[in-house]
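Thanks for coming, everyone. I'll keep this short. Please have a look at the model on the screen.

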Amino acid sequence: MKIVVLMALAAFTAACVPVAPYQRAFLARDDMALDGNPGYMKAIEKTYSAKEAASGGAAVGGGGCGCN
Amino acid sequence: MRFALAALAILASIPAAAVEAGMPAPSLSMAPLEGGAPVTLAGLKGNVVYVDFWASWCVPCRLSMPTLEDLYQRNKARGFAVVGVNKDASASDARRFLARVPVSFALVQDGADAAARGFDVKAMPSGYLVDRKGVVRQVHRGFTAETGAALEKEIDSLLKEPS
């Protein structure tokens with residue numbers, strides 16, 4: 001019983017440890033950005049949606065004509 | 001007994017409450033960035049101290065350093081000290097930044113996060129303005145030009161208080 005209580009306590013207090021603001025040295029690196037170069041990403045998305053007729057997958061409306 | 005100890009150990013992993021204005025500054029001993037005697041807030045008692053948590057990867061921290069250096073230079077003769085607690089992952093990152101933006105106030109390292117946890121730092125940068133009696137009087141989270149201007153007034157009024 002005691003062990004169950006301890007395990008529950010451990011799970012609720014220490015299972016999810018958020019990264020503290022002062023521990024974000026690596027997360028703050030340029031190469032950790034989801035979208036490191038917004039202009040380049042936009043061009044890639046446009047080309048992709050035009051070539052693959054797959055517009056919309058990247059949260060952009062319109063058809064696959066490359067004209068949006 | 002063992003159960004109580006184990007429960008206590010788990011609960012101790014919950015961070016302490018954030019240090020806010022009006023609370024005494026935590027007593028900490030911090031190793032200087034470039035070696036030497038440890039820096040303690042108790043050792044600086046009688047001075048107005050600004051404890052600044054910064055890192056070279058944090059853009060507003062970078063912007064704050066010249067302002068803090070200027071405030072330090074103009075007020076150090078009146079009993080104002082700055083302790084810059086560096087939160088870079090490696091000291092060489094801090095050194096590379098400091099080579100470009102040199103500062104003359106005390107810089108300490110906090111590799112094990114003891115100081116950051118002691119203050120429960122909620123943002124980068126975080127600055128704690130401690131009065132001559134060792135009580136935190138102002139907490140600045142983030143840094144803009146307005147922070148610098150506000151800090152200048154706060155430092156001036158705290159320096160006029162008796163120790």
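Let's start with a pair of strands. In chain B, strand 3, residues 48–54, runs parallel to strand 4, and seven bridges join them. Within that pairing, V51(B) sits opposite V83(B) of strand 4. Keep in mind that this is a predicted model.

How does the chain get from strand 3 to strand 4? Helix 2 of chain B, residues 59–75, completes a β-α-β unit with these two strands, and the unit is right-handed. From strand 4 the chain goes on through helix 3, residues 91–100, to strand 5 of chain B, again in a right-handed β-α-β crossover.

Now the other pairing of strand 4. Its partner is strand 5 of chain B, residues 106–109, and four bridges link the two in the parallel sense. One bridge pair there is G84(B) with L107(B).

So, is strand 4 enclosed or open? Strand 4 of chain B covers residues 80–86, and seven of the seven are buried, so the rest of the structure largely encloses it. Look at both faces. F80(B), V82(B), G84(B) and N86(B) point one way. A81(B), V83(B) and V85(B) point the other way, and all of these residues are buried. As a general rule, side chains in a regular strand alternate between the two faces of the sheet.

Let's stay with V83(B). Beyond its neighbours within four places in sequence, V83(B) is in contact with V39(B), V49(B), V51(B), A106(B) and V108(B). V83(B) also belongs to the largest nonpolar core, which has 43 residues. Which residues have the most contacts inside that core? They are V49(B), V83(B), Y128(B) and V130(B). Strand 3 of chain B gives this core its largest share, six residues. In soluble globular proteins generally, nonpolar side chains tend to be buried together.

Over to chain A. Chain A has two helices and zero strands. Of its 68 residues, 4% count as buried.

Take helix 2 of chain A, residues 38–52. Is this helix enclosed or in the open? Of its 15 residues, one is buried, so helix 2 of chain A lies largely in the open. Its length checks out too. At 1.5 Å a residue, the helix should span 21 Å, and its end C-alpha atoms are 21 Å apart, which agrees. Just after helix 2 of chain A comes A53(A), with a positive phi of about 55 degrees.

To recap the two elements: strand 4 of chain B is largely enclosed, and helix 2 of chain A is largely in the open. Thank you.

Methods:
Residues are numbered from 1 along each chain as its sequence is written. Chains are lettered from A and ligands numbered from 1 in the order in which they are written. This is a predicted model: local features need pLDDT of at least 70, side-chain atom pairs count only at pLDDT 80 or more; totals for chains, interfaces and linings use all residues. A residue is buried if 20 or more other C-beta atoms lie within 10 Å of its own, exposed if 12 or fewer, and partly exposed in between; C-beta atoms are placed from the backbone. Two strands pair if DSSP finds at least two bridges between them. A crossover is right-handed if, with the strands pointing away from the viewer, the path from the first strand over the helix to the second runs clockwise. A nonpolar core is a set of buried Ala, Val, Leu, Ile, Met, Phe, Trp, Tyr and Cys residues joined through C-beta atoms within 7 Å. Two residues are in contact if their C-beta atoms, placed from the backbone, lie within 7 Å. The expected span of a helix is 1.5 Å times one less than its number of residues.
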